[in-house]
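Student: I am new to this structure and would like to go through it slowly with you. Could we look at it together first?

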Amino acid sequence: MEAQVASNDCDFCDINKRKASFYCDECEKFLCVECKRNIHDRVPIIQDHIVVDIKKTGGSVIKRKPVCLSHKQTFLYYCSKCECLTCKECMTSSHNGHTTETIKKIVDVNRVSANETHEKLKAKVEIVQRTLEAIKTKQMHQITSDVDSYVHKVEKTCREMYGIVDKTKEYI
């Protein structure tokens, strides 16, 4: 869900709440410049998080991850049998015993599949474009040939008509 952010306070500051300049998508927290530099960027386990500059996004950030409507928990897995996302509670109840994968793995597999499909479609588009070009070229040659043939027939017919007119003039 995309949210417009006018001015948020830093979620890391304890006492003096400073205005946030960044948003960490994975922590789902707003950060001021100092807390990003002195806290967030220094903790090894979260250094690879996606942190966006709020000003560069025009003030809009992805604020919350989707949650399970039944349990209000963040989705963790994808159930292949039911073809849906599941939370920790769903895994032990309605999807117990189902084949599941992490969302990241499913996304990665689907991303690879989408890229392969995209490449195949690009190749087919190129083939169609070449075929259209070949058809266009062939048709142009055919049209040119047909025009030349018709011009030749018209000229021949004109000569024959002039011949008939000339013979008719002789008899008059």
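Student: In what order do the three strands of the open sheet lie?

Tutor: This is a predicted model, in which local features need pLDDT of at least 70, side-chain atom pairs count only at pLDDT 80 or more, and totals for chains, interfaces and linings use all residues. Residues are numbered from 1 along each chain as its sequence is written, and side-chain values use heavy atoms, with hydrogens and water left out. Strands are DSSP runs of E with at least two residues, helices runs of H or I with at least four, numbered from the N terminus, and two strands pair if DSSP finds at least two bridges between them. The pairing in this open sheet is antiparallel, and the order of its three strands is 7-6-8.

Student: Which residue of strand 8 stands opposite Tyr-78?

Tutor: Strand 6 covers residues 77–79 and is joined to strand 8 by three bridges, the two running antiparallel. Opposite Tyr-78, in strand 8, stands Glu-101.

Student: Why does Thr-86 count as buried or exposed?

Tutor: Thr-86 belongs to strand 7, which spans residues 84–86. Leaving aside residues up to four places away in sequence, Thr-86 touches several others, among them Phe-75, Tyr-77, Met-91 and His-95, where contact means heavy atoms within 4.5 Å. Buried means under 20% relative accessible area, exposed over 50% and partly exposed in between, with a 1.4 Å probe and protein chains only. Thr-86 has 0% relative accessibility, and therefore it counts as buried.
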